[in-house]
Amino acid sequence: MKGSLLKKLHLNFEFKFEYEGHVIEARASGISAKEEVFVDGECVSSRRNFGLSSTHEFLIEGETFKVHFDVGGFLLSTIRCDLLLGDDVVRTESQSSLKGQKGSWKLILSFFVIGLAAGFLSAKLALWLLG
């Protein structure tokens with residue numbers, strides 16, 4: 001497999017929405033769990049979230065907007081980002097941590113084999129230490 005597994009795995013997600021002349025950017029990190037929302041380049045919401053969904057609420061010209069993140073899994077995740085005006089969805093985008101890479105099944109198989117080997121070696125070590 002070419003390149004490292006970490007380089008092939010996409011762990012930073014960026015979504016860009018345009019609404020009535022405003023640029024709304026939503027960013028989420030799969031490594032640090034930090035989520036940020038920017039309106040016209042200015043950060044309007046930022047926090048760390050270790051859950052599978054979160055909502056950021058902010059104002060643009062007196063109107064309440066929300067950015068909602070929804071994660072479908074942990075390591076090989078798909079993340080959906082909704083832009084809402086009030087409670088109405090304006091636009092939805094989604095991204096995958098594998099980002100449509102060819103041979104992604106090889107990456108998943110690699111993680112499985114590594115986990116299998118680590119489990120086997122851990123069990124052998126535990127049996128050897130405990131007698």
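Phe 69 is a good residue to start from in this predicted model. Leaving out residues up to four places away in sequence, Phe 69 touches Phe 15, Ala 26, Arg 27, Ala 28, Glu 35, Leu 52, Ser 53, Ser 54, His 56, Ile 79, Arg 80 and Cys 81. If you click through those partners on your screen, you will meet several of the strands discussed below.

Phe 69 also belongs to the largest nonpolar core, a set of 18 residues. Along with Phe 15, Ile 24, Phe 58 and Val 67, Phe 69 is among those with the most contacts inside this core. Which elements give two or more residues to the core? They are S1, S2, S3, S5, S6 and S7.

Let us step back to the whole chain for a moment. The protein has two helices and eight strands, and along the sequence they follow the pattern α-β-β-β-β-β-β-β-β-α. In other words, a helix opens the series and another closes it, with the strands in between. Of the 131 residues, 31% count as buried. The accessible surface comes to about 8,700 Å², and carbon and sulfur atoms hold 58% of that area. Among contacts with a separation of 6 or more, 28% are between residues 24 or more positions apart.

Now to the strands themselves. One open sheet has four of them, in the order S1-S2-S3-S4, with antiparallel pairing. Strand S1 (12-19) and strand S4 (42-48) stand at the edges; each has a single partner strand, so one side of each is left without a neighbour in the sheet. On average, and with direction ignored, neighbouring strands here are turned by 10° against each other.

Inside this sheet, S2 and strand S3 (residues 34-39) run antiparallel and are joined by five bridges. To find one of these pairings, look at Ala 28, whose bridge partner in S3 is Glu 35. Both Ala 28 and Glu 35 appeared earlier among the residues that Phe 69 touches.

Just along the chain is Ser 29, which lies in strand S2 (residues 22-29). Is Ser 29 buried or exposed? Its relative accessible area is 19%, and the cut-off for buried is under 20%, so Ser 29 counts as buried. The side chain of Ser 29 makes a polar contact of 3.2 Å with the side chain of Asn 12. Neighbours within four places in sequence aside, Ser 29 is in contact with Leu 11, Asn 12 and Lys 34.

The other four-stranded open sheet has the order S5-S6-S7-S8, with antiparallel pairing. Its edge strands are S5 and strand S8 (88-96), each of which pairs on one side only. The twist in this sheet averages 15° from one strand to the next.

We can walk across this sheet pair by pair. Strand S5 (residues 53-60) and strand S6 (residues 63-71) run antiparallel, with eight bridges joining them, and Leu 59 stands opposite Thr 64 in S6. These two strands form a hairpin with two residues between them, and in the turn Glu 61 has a positive phi of about 50°. Next, S6 pairs with strand S7 (residues 78-85) in the antiparallel sense over seven bridges; here His 68 stands opposite Asp 82 in S7. Finally, S7 and S8 pair over eight bridges, again in the antiparallel sense.

That last pairing brings us to Arg 80, a residue of strand S7 that stands opposite Ser 94 in S8. How exposed is Arg 80? At 33% relative accessibility, Arg 80 counts as partly exposed, because that class covers values between 20% and 50%. Not counting residues up to four places away in sequence, Arg 80 touches His 68, Phe 69, Asp 70, Thr 92, Glu 93 and Ser 94. The side chain of Arg 80 also makes a polar contact of 3.1 Å with the side chain of Asp 82. For a sense of distance, Arg 80 and Ser 53 are 27 residues apart in sequence and 9.4 Å apart in space, C-alpha to C-alpha.

A general point helps when you look at strand residues such as these. In a regular strand the side chains alternate between the two faces of the sheet.

The walk ends where it began, since Phe 69 is one of the residues that Arg 80 touches.

Key. Residues numbered from 1 in each chain as written. Predicted model: local features only at pLDDT ≥ 70, side-chain atom pairs only at ≥ 80, totals over all residues. Heavy atoms only, no water. Buried < 20%, exposed > 50% of the residue type's maximum accessible area, 1.4 Å probe, protein only. Polar contact = N/O pair within 3.5 Å; in protein donor to acceptor, adjacent residues only side chain to side chain. Contact = heavy atoms within 4.5 Å. Pairing = 2+ DSSP bridges. Axes fitted to C-alpha atoms, helices over the stretch in contact; angles between N-to-C directions. Areas by Shrake-Rupley, 256 points an atom, 1.4 Å probe, with all protein chains shown as cover. Core = buried A, V, L, I, M, F, W, Y, C linked by side-chain atoms within 4.5 Å.
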